[in-house]
Amino acid sequence: MDDKLGNPEILSAVADRLGDWRKLAQPLVARYRVSGLAEATAFAAAVAEVAEATGREPDMRLGAGFVEVALCTVDGDGGRWVTAADLHLAHSISGIARKHGLRATPSDLTQLELGLDATDFELVGPFWSALLTGSPDHVVRDDVMDPDQRVPNVWFQRTDAHETPRQRWHPDLWLAPEEAAPRIEAALAAGGVLVDDSCAPSFTVLADPEGNRVCVCTAQGRD
């Protein structure tokens with residue numbers, strides 16, 4: 001895809017004209033508060049009409065009090081990227097939200113991914129793909145991505161073989177950039193430990209009181 005965008009371009013667009021939206025691990029996402037199901041479905045129908053006119057299919061989730069819209073483009077290998085077309089559709093959806101009187105709540109956005117230390121990704125990737133998605137064919141580069149997005153993405157952190165038991169799984173929690181610091185502060189106040197913030201705001205490593213690690217991630221500071 002020639003028009004896939006890097007994080008600096010996406011974050012610039014968010015700052016300039018897409019204030020409802022935030023870049024998470026792969027998609028560009030907006031979440032809106034709604035008063036009930038009727039308002040949610042009316043908004044979703046209006047979004048669907050505009051999206052279909054452009055030949056695109058955004059992912060939408062409706063729940064109690066919210067509608068969430070995620071935009072990305074899938075390449076021929078199954079990878080997910082934000083493109084110029086996604087930015088254009090995001091701008092249109094923001095306009096629809098304003099017409100419906102809806103308020104965006106970027107602080108409510110999250111995306112959970114799972115990271116696994118692996119010495120041989122080519123060996124273990126198909127297993128996790130088959131287990132999580134029902135097919136060994138959903139390995140995308142160094143990730144397992146369910147095309148139906150029923151489960152979190154799993155990415156593989158290449159590591160040397162080791163005999164000493166250690167934590168091999170860790171969660172990556174993706175947040176809106178402005179939400180990362182308050183969430184980290186809350187986790188530390190609840191007994192967490194700051195392990196490494198040298199790569200913040202791209203990611204900050206925390207641990208729970210027993211030493212289990214987690215990364216709090218944002219799109220800032222990434223290519």
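I started with Trp21 in this predicted model and listed what it touches, skipping residues up to four places away in sequence. The list runs Val14, Leu28, Val29, Ala30, Tyr32, Val69, Leu71, Ala90, Ile93 and Ser94.

Next I pulled up the largest nonpolar core, which has 27 residues. Trp21 is in the group that touches the most other members, along with Leu28, Tyr32, Phe43 and Ile93. I then checked which elements give two or more residues to this core: helices H1 (7-17), H2 (37-53) and H3 (84-99), plus strands S2 (28-33) and S4 (66-71). H3 gives the most, with 6 residues. Apart from this core I found another, of 9 residues, including Leu24, Leu109, Cys215 and Cys217.

Then I went to the charges. I count 12 salt bridges in the structure.

Asp86 and Arg56 pair at 2.6 Å, N to O. Asp86 sits in helix H3 and Arg56 in the loop between H2 and strand S3 (59-63), 30 residues apart. Both Asp86 and Arg56 are buried.

Asp117 bridges to Arg166, with the closest N and O atoms 3.8 Å apart. This one spans 49 residues, from strand S8 (residues 110-118) to the loop between strands S11 (154-158) and S12 (169-175). Asp117 is buried at 8% relative accessible area, while Arg166 is partly exposed at 43%.

Which side chain does Arg150 meet in a salt bridge? I found Asp146, at 2.8 Å, N to O. Arg150 has a relative accessible area of 51%, so I logged it as exposed; Asp146, at 1%, is buried.

Last entry: Arg31, Arg61 and Glu68 are linked in a salt-bridge network.

Key
Residues numbered from 1 in each chain as written. Predicted model: local features only at pLDDT ≥ 70, side-chain atom pairs only at ≥ 80, totals over all residues. Heavy atoms only, no water. Core = buried A, V, L, I, M, F, W, Y, C linked by side-chain atoms within 4.5 Å. Buried < 20%, exposed > 50% of the residue type's maximum accessible area, 1.4 Å probe, protein only. Helix = DSSP H or I, 4+ residues; strand = E, 2+ residues; numbered from the N terminus. Contact = heavy atoms within 4.5 Å. Salt bridge = Lys/Arg side-chain N within 4 Å of Asp/Glu carboxyl O.
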